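Visitor: Please take a close look at one loop for me, with its charged pairs and its nonpolar contacts. Then place that loop in the wider fold.

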Amino acid sequence: MEDRVDFKYDGVNNESKERKGGHGIPKVSMVPLVFLIFYEVSGGPFGIEDSVKAAGPLLAIVGFLLFALIWSIPEALITAEMGTMFPENGGYVVWVSSALGSFWGFQQGWAKWLSGVIDNALYPVLFLDYVKSSIPALGGGLPRTFAVLILTVALTYMNYRGLTIVGWVAVFLGVFSLLPFFVMGLIAIPHIEPSRWFEMDLDNVNWGLYLNTLFWNLNYWDSISTLAGEVENPKRTLPRALSYALVLVVGGYLYPLITCTAALPVVRESWTDGYFSDIAKILGGFWLHSWIQAAAALSNMGNFVTEMSSDSYQLLGMAERGMLPEFFGKRSRYGTPLIGILFSAFGVVLLSWMSFQEIIAAENYLYCFGMILEFIAFIKLRMTHPSTSRPFRIPLGTVGSVLMIIPPSILIVVVMVLASFKVMAVSILAVLVGFALQPALVYMEKKRWLRFSVREDLPDLLDPSAGAAEDETTPLVV
């Protein structure tokens, strides 16, 4: 297994398979891809309320603007460049393997898969937080546990049925989830008092909650790369879809924050999960309150199915490169990664007992570890393979690329330092498990206890002539 993933990527993409994968399933087009990215990252403003609770209106609004600039844009740009350079399932795992070797590629996959599964455990929690005001029995105990299980099974089945279905469901859910906030903003306009935007108390800021909330709501742009092999013409579609989704995500956060914090007096303690539905009831009445709750429920379903798609296709992509046992590459009759879906669903059920804040902190820590590896891989490939085909290239040289990732790297350090001891200890332990798991899998392959293989129609990453084609670059696609 180990020698199969220390490779140079030759940039070959089989154009005859652009519209259908080798499994005969139609690939994902532009509009569904935009909403898949939207749900990988956001899903709407559900869950951003804690930013106001932690720091007040001004810092919340400014925070989402600054984080979009210093984190979301660089991550989306790197995803566009690397995702078009490596247009296959596995995404960031393939990037890191190419630059740093098989061991670190596996660690990237392990940390990001764990982070994704932890993230997915959040959405049943958010869903129940929104509906418990209408159905108090779902606030805890056995009814809540059964509700989590039922949701997980139903949404897992949707993933099983196919990525194309998930993509168009994401389009419908995205429109339905954003529409009530647009209406609530219009209703709020006559009540807006601009002075409320500037409320700030630096002596009373929960920096840990503030940074984790912003970070959680503006990251995961790279998750779509694990589906690159399922995208129609990814060299053109992926960069454009990322740019459209960036506008949709940031606008979807700022619009309700700006309108709602100025329309009502801000009581910071009230700004917790689900508070937008309370604001809707005050401004528009029960009908708008019910609409927001329904949108929250459906939005969390969209978040769940898209995150599970990313996690499961990542495992499939790793299996196709011989990094995981062959059975992880098994597809259902709908072309979906059957074993990857089952593993991801099982992880969600195990982690769903954690609280909202614990889930955010734990997934952010593991995500930061993976992003460090991605940044290193991005810069190293720019230095060692500057002329390799990149259908989309960030218009910066090596020095400019390094300067671009300095602010998000500082942010990573801050987020990790501010983590609680419990979160830090559990996350480091999880990383250490990955350090032991990769050599264990290598040993199992050598002993032939498990079977590993590389998919035949992928580019020959061990071809010695791969480096010789590096000067044959394709035109820049923006």
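Guide: A short account of the chain comes next, then the loop, then its surroundings.

This is a predicted model, in which local features need pLDDT of at least 70 and side-chain atom pairs count only at pLDDT 80 or more, while totals for chains, interfaces and linings use all residues. Residues are numbered from 1 along each chain as its sequence is written, and side-chain values use heavy atoms, with hydrogens and water left out.

Start with confidence. pLDDT is the predictor's confidence in each residue, from 0 to 100. The protein chain has a mean of 83, and 87% of its residues reach 70 or more. Two stretches stay under 50. One is residues 2–20, with 59 contacts beyond four places in sequence. The other is residues 461–478, with 30 such contacts. A contact means heavy atoms within 4.5 Å. Where pLDDT is low, the predicted coordinates should not be read in detail.

Now the fold. The chain has 15 helices and 0 strands. Helices (H or I, at least four residues) and strands (E, at least two) are DSSP runs, numbered from the N terminus. Of the 478 residues, 59% are buried. Buried means under 20% relative accessible area, exposed over 50%, and partly exposed in between, with a 1.4 Å probe and protein chains only. Among contacts with a separation of 6 or more, 85% join residues 24 or more positions apart.

The loop in question lies between α11 (286–320) and α12 (338–351), and Arg321 is in it. Salt bridges come first. A salt bridge is a side-chain nitrogen of Lys or Arg within 4 Å of a carboxyl oxygen of Asp or Glu. By this rule the structure has 9.

Arg321 pairs with Glu88, at 2.8 Å from N to O. Glu88 sits in the loop between α3 (57–85) and α4, so this pair ties together parts that are 233 residues apart in sequence. Glu88 and Arg321 are both buried.

Further along the loop is Arg331. Its salt bridge with Glu230 has its closest N and O atoms 3.1 Å apart. Glu230 belongs to the loop between α8 (207–217) and α9 (234–263), so a loop-to-loop tie spans 101 residues of sequence. Glu230 is buried, and so is Arg331.

Arg331 also forms a salt bridge with Glu320, with the closest N and O atoms 3.7 Å apart. Here the partner is in helix α11, 11 residues away. Arg331 counts as buried at 18% relative accessibility. Glu320 is at 9%, also buried. A separate group of residues, Glu81, Arg382 and Arg390, is joined into one network by salt bridges that share partners.

Turn to the nonpolar side of the loop. Phe328 is placed between α11 and α12 as well. Its relative accessible area is 8%, so Phe328 is buried. Beyond four places in sequence, Phe328 touches Leu315, Leu316, Ala319, Ile339 and Phe343. Gly317 is 11 residues from Phe328 in sequence, and their C-alpha atoms are 8.7 Å apart.

Next, follow the Glu88 pair towards α4. Helix α4 covers residues 92–100, and 8 of its 9 residues are buried, so the rest of the structure largely encloses this helix. Those buried residues are Tyr92, Val93, Val94, Trp95, Val96, Ser97, Ser98 and Ala99. Gly101 comes just after α4 and takes a positive phi of about 100 degrees.

On the other side of α11 in sequence is helix α10 (residues 275–284), with Tyr275, Phe276, Ser277, Ile279, Ala280 and Leu283 buried. Gly285, just after α10, has a positive phi of about 100 degrees.

Last, the core. A nonpolar core is a set of buried Ala, Val, Leu, Ile, Met, Phe, Trp, Tyr and Cys residues joined through side-chain atoms within 4.5 Å. The largest one holds 133 residues, and Ile37, Met184, Trp221, Trp271 and Ile279 touch the most other members. Helix α13 (residues 356–384) gives the largest share, 14 residues. Met184 contacts Cys260, Phe276, Ile279, Ala280, Leu283, Leu288 and Ile292, leaving aside neighbours within four places. Another core of 8 residues lies apart, with Leu138, Ala147, Val148 and Leu151 among them.

Cys260 itself is buried, at 1% relative accessible area. Cys368 is buried too, at 0%. The whole structure has 0 disulfides, a disulfide being a pair of cysteine sulfur atoms within 2.5 Å.
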